Amino acid sequence: MSTMSFLDRYLTPKLAIPRKTEFGAGILVSGTILACWAIATYTGFVTRDFLPAPSDVWNSFVEKVSNGSLQKHIGVSLTEIYLGFFLSSVIAIPIGIFMGGFKIVQAALEPVVNFMRYLPVTSLIPLLILWIGIGLEEKVAVIFLGTFFQQIVMVSDVARGVHADLFNVSYTLGATRGQIVSRVLVPATLSGVLDTLRVTMGWAWTFLVVAELVAASSGLGYMILQSMRGLDPAGIFVGIFVIGFLGLITDMAFKWIKRLVLPWEYVGK
Amino acid sequence: MTEVRLENVSVRFGESKATQITALENLDLVIPEQQFAVIVGPSGCGKSSCLDLVAGLNRATEGKTLFGDTLIEKPGPERGMVPQNYSLFPWLTVQKNVEFGLALNNTSKAEREERAANYVEAVGLTKFRDSYPSQLSGGMKQRVAIARALAVDPEVLLMDEPFGALDSQTRSVMQELLLKIWQKERKTVLFITHDIDEALFLGDVVYVMSARPGRIIDTIPVNIKRPRDYTVTTSAGFVKLKRRIMSSLHDEVDKALAIS
């Protein structure tokens, strides 16, 4: 190992690298981006009305926190996204599992689901505003419609991928059809369902911000739009960073939940 | 006597006549209670179709499959199965995998744990009882599958090339282990393999199957006394039987590969 050249060590596909190097590489890239940003703004290379400096963004952040407006917007956005996402998941997961497990459910639902799936939810926003206004309900509806059909399709793919051999061997152990569903099909899909939730959560954030940009009276998307109207790019950056960090935290939470409920996927790793 | 009986059974796959594949044709087979029966045949000859019929996972296009006096129409816990690809439940530990069948029929927790622990011990995996399948080697996984099938106390054990994916050393250890357990439990076994040595080493009777469409072309009682260990595989009697099977299979393999 010690005699390996730099090229051998780092440019062989899939070869493991030291943990320290792994960490360092991440820091290096993020650090470089941050440094470029600082240099570009503080030297006056880019005007600060166009691209705010890191300290401008920080000051704007502190101001928004101290007057309580940021917390309020975060609170509104989180309520909207978790409510919409929760409602969608609770209904989509069982439907998806049944669609993947039973041909008749698949045959019945597939045309509608696929039609709705390819319909961009953003095109429904005007209609939703006409029907239910611009409040919480409309945001929840946008997130719901945006994630629901995707989740059904993804979960049904997961359920369809469960090997029939598992069912067959369970039948020979005396399982009834109900037990096949509850003790084989459902646990077998658990891992894939959690992956689906993690991926669709990312999309839900996008739908939320779009919905808030179009019409809202609070929320992070609204905050970003207000900053634009006030010619305050620093405020826009605060909004973007907060959304990024909230996404990062959500993603970490999903990884943590996965470790907790799927111990068999992590043993010995 | 609860014997397994296949009466004039044919199995065809495919809907239209033109594309239909005949897996089994007019097959007759009777496996008496407690017999260790082995079906050996070229790959793709319909051995597994035969096993699926007895398991109740497939139905005959013509003819009857009986267990004792009852027609086999669906799977049941009296006919346990050990598939080739293990098919363990990845989310359950070794112990819980073996308990699975018992949990289905509401056996009490205490009895379930005790029975399962006994079978985990019988296959030599007590040290691994809390491991998950992903942590086990192929041979260990197959031992779990055997313990899982035995734990529900089936009358017949159906084994579909269970050691086919194992390396040859592991395979011979598994064969001896299986015989040791069978010696104690004395269940009817229907074992499918394409390995002639394996068939003769394990079986009371070896049924030789033809290339597709599958029929039984030879029935060979294996008069090698038990308990057997690996040394019998080089005995004169064993070699003689092996030659007999090889010669009848040779023509069938040619047919299967369409060489002659």
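How many residues of chain B are in contact with chain A, and how many residues of chain A are in contact with chain B? In this predicted model, 22 residues of chain B meet 14 residues of chain A. On the chain B side, strand β6 (79-82) and helix α2 (94-104) each contribute at least two residues to the surface that touches chain A. Sorted by class, that side of chain B holds 13 nonpolar and 8 polar residues, along with 1 charged residue.

Turning to chain A itself, the secondary structure is quickly told: there are 11 helices and 0 strands, so that reading from the N terminus gives the order α-α-α-α-α-α-α-α-α-α-α. The overall dimensions deserve a look as well. The C-alpha trace of chain A spans about 75 × 70 × 30 Å along its principal axes. Its radius of gyration is 24 Å, whereas a compact globule of 269 residues would have a value near 18 Å. Of the 269 residues in chain A, 31% count as buried. When contacts in chain A between residues at least 6 apart in sequence are considered, 73% of them link residues at least 24 apart.

A single residue offers a closer view of chain A. V65(A) sits in helix α3, which covers residues 54-66. Is V65(A) buried or exposed? The answer lies in between: V65(A) counts as partly exposed because 13 C-beta neighbours fall inside 10 Å, while 20 or more would be needed for a buried residue and 12 or fewer for an exposed one. Beyond the neighbours within four places in sequence, V65(A) is in contact with L70(A) and Q71(A).

Conventions. Residues are numbered from 1 along each chain as its sequence is written. Chains are lettered from A and ligands numbered from 1 in the order in which they are written. This is a predicted model: local features need pLDDT of at least 70, side-chain atom pairs count only at pLDDT 80 or more; totals for chains, interfaces and linings use all residues. Helices (H or I, at least four residues) and strands (E, at least two) are DSSP runs, numbered from the N terminus. The radius of gyration is taken over C-alpha atoms; the globule rule is 2.2 Å times the number of residues to the power 0.38. Two residues are in contact if their C-beta atoms, placed from the backbone, lie within 7 Å. Ala, Val, Leu, Ile, Met, Phe, Trp, Tyr, Cys and Pro count as nonpolar, Asp, Glu, Lys and Arg as charged, and the others, Gly among them, as polar.
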